[in-house]
Amino acid sequence: MNIVKGLFIMLTAVFLSSTADAANKAIVVYFSHAGENYGVGNVAEGNTAKVAKEIARRLNADIYEIKEAKPYPTKYDACVDLAKEEQRLNARPAIAGNLPDLSSYKVIFLGYPNWWGDCPMIVYSFLEKENIDGKIIVPFCTHEGSGLGATASNLQKHFPKSKVVQKGLAIKGTIAQKDAKTTAKAVETWLKALKAIK
Ligand SMILES: Cc1cc2nc3c(=O)[nH]c(=O)nc-3n(C[C@H](O)[C@H](O)[C@H](O)COP(=O)(O)O)c2cc1C
């Protein structure tokens, strides 16, 4: 059986059994940066946060926000520079607060902004601190033109013991921030394609 077909069947099975079996629950985990951002001005809630909340709402899933221990700059240019430097150093920025216990979740919807073509390094901090072996990771991102970039394949390479669904959702940040209706529709279409909802 090819991998895509296998994953598809696995995902379907997980979602179909999710109400019956608490061990197969899904959780939405996301990182998102508020403050000044590209094309949206200064926002109180990041773009990815809006998508994450819509996914959690549609799935009636638990949700967890990855927060950095040392806040990223609110100014866009400063944040862009720091993110670039973190990527160059392959840094693992510290996370604020307690990490969630993922043992009861089979499926992790993982959301992040595209930062320089990859996930923000703090997403790797999170995943490396958790035990995600054997779990299904379903990525979604917001971006301003690069889509998912190499994030889904990078995640799969980095976490070979997890199954990273390659058909992630990519929504433009400006849409996610300003157009709740279009965002909700994109989420719905994607979740239906994954057989996560009917
Ligand atoms: C540090 C940084 C790097 C970014 N790099 C990219 C990029 O490589 N490609 C892209 O399309 N958008 C890029 N963007 C734009 C963000 O992906 C986009 O604004 C996203 O919606 C922000 O989500 P958030 O509000 O949840 O943090 C970058 C933004 C920042 C702050």
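These legends go with an overall view and three close-ups of a predicted model.

**Overall view. The whole chain, with its helices and strands.** Here we have a protein chain with 7 helices and 8 strands. It runs to 198 residues, and 39% of them count as buried. Look at contacts with a separation of 6 or more, and 78% of them turn out to join residues 24 or more positions apart.

**Close-up 1. Helix H4, residues 121–129, and what covers it.** Of the 9 residues in this helix, 7 are buried, so H4 is largely enclosed by the rest of the structure. The buried ones are Met121, Ile122, Val123, Tyr124, Ser125, Phe126 and Leu127. What sits over them? The cover includes helix H3 (76–89), strand S5 (105–113) and helix H5 (151–158).

**Close-up 2. Asn90, in the loop between H3 and S5.** The backbone is the thing to check here: Asn90 has a positive phi of about 50°, although it is not a glycine. Is this residue buried or exposed? Asn90 counts as exposed, because it has 8 C-beta neighbours inside 10 Å, and the cut-off for exposed is 12 or fewer.

**Close-up 3. Trp116, in the loop between S5 and H4.** Trp116 is another non-glycine residue with a positive phi, this one near 55°. With 15 other C-beta atoms within 10 Å, Trp116 is partly exposed. That count falls between the limits of 12 or fewer for exposed and 20 or more for buried.

Key
Residues are numbered from 1 along each chain as its sequence is written. This is a predicted model: local features need pLDDT of at least 70, side-chain atom pairs count only at pLDDT 80 or more; totals for chains, interfaces and linings use all residues. Helices (H or I, at least four residues) and strands (E, at least two) are DSSP runs, numbered from the N terminus. Two residues are in contact if their C-beta atoms, placed from the backbone, lie within 7 Å.
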